[in-house]
Amino acid sequence: MNTTTIPTSEFEERISKFQANIKKEGLDACLVHATESDMAHVRYLSEYWPTFETGAVFVPAEGEVILLVGPESDLYASHRSFFKNIEKMIEYRESAEPDAPGMSFITYKDLLIKYKLQHIKKIGIVGWAITPLPVYTSLKEQLSDVEIVKADMTLWPLRFVKSENELACMRKAYQISELAVGAILNEIKPDMTELQVIGIAQREIYKHGGEYEGHSLYCFCGESTNNAISRPTHNKIVENEVIQINIGARVSGYSSSIGLPFSIGPLPERKRRLIEFGLEAHKKTIGMIAAGKPAGQVVNDYENWVKDQGFGQYLLYGPCHAIGMMEVERPWMESTSEYLLQKNMTFQVDTFFYDKDFGLRWENGVIVKDGGVEMMSSKFMKYIEL
């Protein structure tokens, strides 16, 4: 049973392109890693999503690929993935490190022998920042004559431009997120906790076909809204104060997120003015994006415009990061970015401003097109006072 709406043929095409990149970089193979929270690279190639344990895909420059899982996951992996080669390795067990007595595991050395890959002398690691230390130490001990190098960019560029199947998953994820945001706005009341508000969103995500949240959902009220990153708490929703939500559903591996500030009752003029400027800046960014435009130019033009409008003191970062299988993924749009925007790249327009006692974030997803963008969500791009 394959759980995705991405067809097997597209997975096979991804692997073929990846193997071409492996050869181009002079590597004999790549070892691609995933965790439960950052499953994207492995799921992109295999549809497998680790639970509790970690996982990997071993991709030789030529030949069959192999899915590597922990002690508990071989049957689970066979139900999720179309791969026929699945091997258990102790290195991918969960962080509690059970001994798993009575179970047998393959080693990296034996893996190369079993799949006739003894010629391998140079392996690239993809997912370098999340590769488990036990994996790295075992590779160095068992394959002492093999060179191990960082190789994230052999795979990342394949994920930058989305296929029509990927875009369909993302559009659906945004549709579900809109339903969840709408339910929050209909049901939120003073004295609810931030956590109770997030419970509304979770109910709607699963009710409407989301497979999971697209990211750690959040709701803040009051001073904590000036946190760039945080989590909901037992703090209560109050009237006449900034309430910030960011809600995202995941569909067939693909994430979404909608962020907006709002209030129950009127806000002080100072706070309302920054929220309204944030929305203006959000729309300004969207209007700057189009295929063929240098990404760094979008950032520099945005930052200069914000400063020219007299709001530079409230700017932390911005204005965009890519979105796909992760709510935040490469490529970032930064002042140092040198790449050109391409048709069917997908970005979160992420507009964050903060002051000493509050903050706000407008966030929506766009698909880069010739001459502009397709909005994946625009329903809540307005100031809302309940």
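This report describes the fold of a predicted model, from the whole chain down to two loop residues.

## Overall dimensions

The chain contains 10 helices and 18 strands. Its C-alpha trace spans about 70 × 45 × 35 Å along the principal axes. For 386 residues, a compact globule would have a radius of gyration near 21 Å, and the 23 Å of the chain agrees with this.

Of the 386 residues, 57% count as buried. Among contacts with a separation of 6 or more, 67% are between residues 24 or more positions apart.

## The six-stranded sheet

An open sheet is built from 6 strands in the order 4-3-2-1-5-6, with mixed pairing. Its edges are strand 4 (86–88) and strand 6 (147–150), each of which pairs on one side only. From one strand to the next, the twist averages 25°.

At one end of that order, strand 5 (residues 122–126) runs parallel to strand 6 and is joined to it by 4 bridges. Within this pair, G124 has V149 of strand 6 as its bridge partner.

## The three-stranded sheet

A second open sheet has 3 strands in the order 7-10-11, and here the pairing is antiparallel. Strand 7 (212–213) and strand 11 (254–255) are the edge strands, each pairing on one side only.

Strand 10 (residues 249–251) and strand 11 are antiparallel and share 2 bridges. V251 is placed opposite Y254 of strand 11.

In general, the strands of a sheet pair through backbone hydrogen bonds, in either the parallel or the antiparallel sense.

## Strands 15, 16 and 17

Strand 16 (residues 359–369) is mostly covered, with 11 of its 11 residues buried. G359, R361, E363, G365, I367 and K369 point one way from the strand, while L360, W362, N364, V366 and V368 point the other way. Both sets are buried, and they include charged residues such as R361, E363 and K369.

Which strands pair with strand 16? One is strand 15, which runs antiparallel to strand 16 and is joined to it by 9 bridges. D350 has E363 in strand 16 as its bridge partner. Strand 15 and strand 16 form a hairpin, with 4 residues between them.

The other is strand 17 (residues 372–375), paired with strand 16 in the antiparallel sense over 4 bridges. I367 stands opposite E374 of strand 17. These two strands also form a hairpin, this one with 2 residues between them. In its turn, G371 has a positive phi of about 85°.

## Helix 10

Helix 10 covers residues 295–308. Its 14 residues should span 20 Å at 1.5 Å a residue, and the end C-alpha atoms are 20 Å apart, so the expected and modelled spans agree. Just after the helix, G310 takes a positive phi of about 90°.

Which residues of helix 10 are buried? They are A295, G296, V298, V299, Y302, W305 and V306. The cover over these buried residues includes helix 9 (269–288), strand 14 (329–333) and strand 15 (346–354). Strand 15 therefore has two roles in this description, as part of the cover on helix 10 and as the antiparallel partner of strand 16.

## H215 and D355

H215 sits in the loop between strand 7 and strand 8 (218–221). Is this residue buried or exposed? H215 counts as buried because its relative accessibility is 17%, and the cut-off for buried is under 20%.

Apart from neighbours within four places in sequence, H215 is in contact with N246, I247, G248, S256, S257 and E327. With S257 there is also a polar contact of 2.9 Å between the side chains. H215 and M326 are 111 residues apart in sequence, yet their C-alpha atoms are 7.7 Å apart in space.

D355 lies in the loop between strand 15 and strand 16. At 18% relative accessibility, D355 also counts as buried. Not counting residues up to four places away in sequence, D355 touches N226, R270 and Y314.

Methods
Residues numbered from 1 in each chain as written. Predicted model: local features only at pLDDT ≥ 70, side-chain atom pairs only at ≥ 80, totals over all residues. Heavy atoms only, no water. Pairing = 2+ DSSP bridges. Axes fitted to C-alpha atoms, helices over the stretch in contact; angles between N-to-C directions. Expected span 1.5 Å × (residues − 1). Buried < 20%, exposed > 50% of the residue type's maximum accessible area, 1.4 Å probe, protein only. Contact = heavy atoms within 4.5 Å. Polar contact = N/O pair within 3.5 Å; in protein donor to acceptor, adjacent residues only side chain to side chain. Rg over C-alpha atoms; globule rule 2.2 N^0.38 Å.
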